[in-house]
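Welcome! Open your viewer, load the model, and keep the selection tool at hand. We will go from stop to stop together, starting with the interior.

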Amino acid sequence: MSQEHNETDVVEEKVETMADYMEELEASFQRVRKGDVLTGTVVSVTEEAVLLDLKYFAGGIIHKEDINGDPDYHLAAEIHPGDEITATVLRPDDGEGNVLLSAKLLGDQKAWETCNTLLNDRTIVTVKITEIVKGGAVAYLEGIRGFIPASKLAAEYVEDLETYQGKTIEVTVVTADEENKKLILSGREPALLKQKEENNIKIAKCQVGAVMEGTVDSLKDYGAFINLENGLTGLLHISQISSQRIKHPGAILKEGQKVKVKILSTADHKISLSMKAVQEEEEAAEAVTFDYEENGSASTDLSALLKGLKF
């Protein structure tokens, strides 16, 4: 009777060598100094700090204020375990056995570079107003505190700044001075651009030849600007105010006066108006009506008389 031999699976255990610990060994002899730039892997994140694995005998910690200065910045939403962060050593020991780091120092350099690019390209970006201060508002861009003067908050000067607290607006960078830590933003330029685009759309819908009512907004030597009933503004040139020659629009018009005008042109997104054309059309219509009534009346009377006569 033959004896069956059972084959035994041999599990080979991995024999660890010094080479496997070389990275950790080198790190243990490494001495961290203030100002060193280190890269670590995120181990955990809270709303107040980020813990890093530096492959060093001590872990690294970065507090929120040393990552981003924006009070609305949420660490847990922006940074996750496994992410790599490069930061500068503030203190080799924070008193609790951790290396205290700052990602803001390196981040600010990149942020200022970005702000300068936005300045040069006149790029429009969105920011949130986080604070109302004397003479304007504060918003953070790329983690840098920026100031928006009241005169540059919107298309027109804003009297009640508090209405902008917490509001999100579009801005352009006006000044990006890294040396003096001065970042000035403006919401005026994007607001005016948006206003112009909306007006152009409205102007495109205006029909040449249409007659509208409007209000005299201002008088100039060359004509008057009229605020139309559709919210747009058009130019009533001095030559289109009256069929009579006048030296100044003020001879016939005054600010606040209601007028009836005809749209002559919308070329180049500009509305050209005429009062003279409306007056001439009304006069022509009156002349035709008057002539019709006289002729009609005379014709009717004569016809009636002739019908009554017998020869």
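**Stop 1: the core.** This is a predicted model, and a good place to begin is its largest nonpolar core, a set of 26 residues. Select Leu141, Leu153 and Leu183: these touch the most other members of the core. Which elements supply at least two residues each? Colour α3 (104-121), then the strands β6 (125-133), β7 (136-141), β8 (144-149), β9 (168-177) and β10 (182-186), and you have them. Among these contributors, α3 gives the most, with 5 residues. As a general background, nonpolar side chains tend to be buried together in soluble globular proteins.

Now stay on Leu153 and show what surrounds this residue. Leaving out residues up to four places away in sequence, Leu153 touches Ile129, Ala137, Ile148, Val158, Leu161, Tyr164, Ile169, Gly187 and Arg188.

**Stop 2: the whole chain.** Zoom out and switch to a cartoon view. The protein chain holds 5 helices and 15 strands. Of its 311 residues, 33% are buried. If you turn on the surface, you are looking at an accessible area of about 20800 Å², and carbon and sulfur atoms account for 49% of that. How much of the contact network joins residues at least 24 apart? Counting contacts between residues at least 6 apart in sequence, the share is 56%.

**Stop 3: a barrel of strands.** Select β1, β2, β3, β4 and β5. These 5 strands close into a barrel in the order β1-β2-β3-β5-β4, and the pairing is mixed. Neighbouring strands here are turned by 55° against each other on average, direction ignored. For one pairing in detail, pick β1 (residues 37-45) and β4: they run antiparallel, with 5 bridges between them. To find a matched pair of residues, click Gly40 and look across to Ile85 in β4.

Add the helix α3 to the view. α3 lies across β1, β4 and β5, and runs at about 120° to β4.

**Stop 4: a glycine in a loop.** Follow the chain from β4 (84-91) towards β5 (99-102), and you will come to Gly97 in the loop between them. Is Gly97 buried, exposed or partly exposed? Its relative accessible area is 41%, so Gly97 counts as partly exposed. Apart from neighbours within four places in sequence, Gly97 is in contact with Ala58 and Gly59. You can also draw a distance from the C-alpha atom of Gly97 to that of Ile61: the two residues lie 36 places apart along the chain, and the separation is 9.9 Å.

**Stop 5: strands that pair around β6.** Select β6, then show its partners. With β7, β6 pairs in the antiparallel sense over 4 bridges, and Val133 stands opposite Gly136 in β7. β6 and β7 form a hairpin with 2 residues between them. In that turn, look for Gly135, which has a positive phi of about 85°.

On to β9: 4 bridges join β6 to this strand, and the two run antiparallel. Here Lys128 stands opposite Thr168, while Thr126 has Glu170 as its bridge partner.

From β9, step across to β10. The two are antiparallel, joined by 5 bridges, with Val173 standing opposite Leu185 in β10. β9 and β10 also make a hairpin, with 4 residues between the strands. Lys181 sits in the turn and has a positive phi of about 55°.

**Stop 6: another barrel.** Select β11 to β15. A closed barrel of 5 strands runs β11-β12-β13-β15-β14, with mixed pairing. From one strand to the next, the twist averages 55°. Within this barrel, pick out β13 (residues 233-237) and β15 (residues 272-274), which pair in the parallel sense over 2 bridges. Leu236 faces Leu273 across this pairing.

**Last stop: the cysteines.** Select Cys115 and Cys206. Cys115 has 0% relative accessibility and therefore counts as buried. Cys206, at 10%, also counts as buried, because the cut-off for buried is under 20%. How many disulfides does the model contain? With the rule that a pair of cysteine sulfur atoms must lie within 2.5 Å, the count comes to 0.

Notes
Residues numbered from 1 in each chain as written. Predicted model: local features only at pLDDT ≥ 70, side-chain atom pairs only at ≥ 80, totals over all residues. Heavy atoms only, no water. Buried < 20%, exposed > 50% of the residue type's maximum accessible area, 1.4 Å probe, protein only. Core = buried A, V, L, I, M, F, W, Y, C linked by side-chain atoms within 4.5 Å. Contact = heavy atoms within 4.5 Å. Pairing = 2+ DSSP bridges. Axes fitted to C-alpha atoms, helices over the stretch in contact; angles between N-to-C directions. Areas by Shrake-Rupley, 256 points an atom, 1.4 Å probe, with all protein chains shown as cover.
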